[in-house]
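User: Please take a close look at a single part of this model and then place that part in its wider setting. A formal, connected account would be appreciated.

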Amino acid sequence: MHWRIAPQIQARRMIDRKPLYLMTPALAWLTAFMVVPCLMILALAFFQRGIYGGIDYTFTLENIALVFDPLYANIFLKSAFIAGLSATIAVVIGYAAAFAIAAAPANRQAMLLFFAVLPFWSNYLVRTYAWIVMLNREGLIAGAAQWLGYDGELPKMLYTETAVVIGLVYNYLPFVILACYAPLSRLNPEIAEASRDLGGNGWTTFRRVILPMTVPGIATGFVFVFVLSIGNFVTPALLGGGQFQMIGNLVYAQFLTANDWPFGAALSMFLIAIMMGLLTLQTYASERASGAGREE
Amino acid sequence: MIKDFTLRGVAVTAGLAVSAGMLSAETLVVSNWDGYMAPDAIDAFNKATDNEAELVLHGTNEEIMGKLIASKGKGYDVVFVSSPFAEALNNLGLAETLDHSKIPNIKNLYPEAMELSHDTGNTFSIPYAWGTTGLCYRSDLVEGTPDSWMDLLAPSDDLKGKTTMLATDRWLLGAAMLAKGYSVNTTDDAELAAVRDQLIETKGTLLAYDDTTFYAKLVSGEAEMVHAWDGWCNYGIAENADIKYTIPKEGSDLWADTMVILKNSEHKDAAYAFVNFILAPENHGWAAENILYKVPNKPAMETLSEEFIAQFPNMGMAPDELMAFEQLRDVGESQRAYSRIVSEIKASN
């Protein structure tokens, strides 16, 4: 047993010895541009909105209470639903793609991964507008349907909840592919072979062996898509035609049209809290999973 | 948009952290929307008056208000804002009380432009552009001539899914307020509830809420009738002569964008000179000719050709026609109720 623990202790000592000053620039950057602004937003949530916008520095819990108002709580739930749906679809598609890439000949995997992340090199807005071009009533899909001889009225595709989910899944899919590819590519093929030798068919091998071993990748991919989606405001604004208000849009509106910074701050604090909670859970889960893997 | 938002976030943070003096103290700082005056206006002003002015841009009224409130107006000399925000700046004590003797070109303004309800006598703001909000539609696709806000709020079957409404709180609510004969500044709970119910009902018939690309949707045929500002409808008309603008029989709001000099400006003489420079017909007229907004400048409007007015009929609206409409005013505490109603509408199914 001791030979297994020893390298870990060794590693810990090495980290301790690493000069702290190497981390100073990163810490200073994070403190100045993330911690301080976040604390300011947090503080803002406890003040009142000035009559003409701005902040009236009188303490109040009203903004926090307002977050739990059924109207806004429902927008939170709705956002969580859309984010959860997008994350689920992205995981199903992304896992399959990652599985296919990991199963491809080794010399082609890099190229396939490259194609999977290629869209990331273009601007998020451009990618989102591309969907507008495709989905709108006078767009590519409608045009193609007409060309194929369909002359009825197509259902409304753009400016719907479905369009928002499509946009989110499309934009964040590469995260899932990368997150799932990592554990899949590291899987020792002999493990699957062993399962087959022991009588497991393909499906059983996948379900009982491969899938459990790649859960950390799935969890990472899911949480990434969920967290990025729940706070997104660009996609619902563009593909939802402003008809779906997600929590990101609500925060955006408080700061940029309603001039209600304190309420916007209260909403963003809750959003950040949800995201941090999920990321912590995911870290904990993947640590436990990899820890459990080592013990086996 | 994301980048924009991040930058704005940083700007907001900086505005909160540093109370004043972010911008150079040496030069006159003018803040305006992008493309809202001639690209060479600042250079021309500098050359003509031997000043050094600098243009900074704001995307929305709220953005510049946030900065002005955080800095108590320091760091800016002249800002372009819509009238309710000019009113708020005055109420906050940030707007300079104007000395008209330093703005001789104020004589170019229509007499009506001195009577705007947010600032009668132009004591703290000078109107830069004004206009109406109405219906912009494809006369070749829409049957008949729309003449009521209800044509938009409860569209006929063939128009369902082919209309858009403005997304900004005041105008979105304004359409239903006008339809019901209420003031566009109503703060009455029962009236606001009726407005909300109407707009929730309307939501199901819309293609989208759209503040920025509605005229393009008309041009492409994706939408056939949209809720629009007259100036923006003109952009559609410029591309397709079948696009028409009409003000429903229940009326419109009268919107006005204004120039405000900040009380804390350290370059007041230069600031007055700038406002005066803009009011010269050749400078003020640029907005009418190039961005198709009505300006309240009599000699500037008189230079517009008949063909131009024929192409863009709403550019020919007389000041007294405009003055018949109620102006949007700052609603103070009720803004939160307005925002809430908009959230209720957008959260409804």
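Analyst: The model is predicted, and the part chosen here is helix α5 of chain A, which covers residues 106–117. The expected span of a helix is 1.5 Å times one less than its number of residues. For the twelve residues of α5(A) this rule gives 16 Å, and the end C-alpha atoms are 18 Å apart, so the length of the helix agrees with the expectation. As to its surroundings, α5(A) is hardly covered: one of its twelve residues is buried, where burial requires 20 or more other C-beta atoms within 10 Å of the residue's own.

The wider setting includes the contact between the chains. Chain A contributes 29 residues to this contact, and chain B contributes 36 residues. On the side of chain A that touches chain B, at least two residues come from each of α2 (24–44), α4 (70–103), α6 (124–135) and α13 (247–256). By class, that side of chain A consists of 14 nonpolar, ten polar and five charged residues.

The partner, chain B, contains 15 helices and ten strands. Its C-alpha atoms fill a box of roughly 60 × 50 × 35 Å along the principal axes. A compact globule of 349 residues would have a radius of gyration near 20 Å; chain B has 20 Å, and therefore agrees with that rule. Of the 349 residues in chain B, 50% are buried. Among the contacts in chain B between residues at least 6 apart in sequence, 74% join residues at least 24 apart.

Methods:
Residues numbered from 1 in each chain as written. Chains lettered and ligands numbered in written order. Predicted model: local features only at pLDDT ≥ 70, side-chain atom pairs only at ≥ 80, totals over all residues. Contact = placed C-beta atoms within 7 Å. Helix = DSSP H or I, 4+ residues; strand = E, 2+ residues; numbered from the N terminus. Nonpolar A, V, L, I, M, F, W, Y, C, P; charged D, E, K, R; others polar. Rg over C-alpha atoms; globule rule 2.2 N^0.38 Å.
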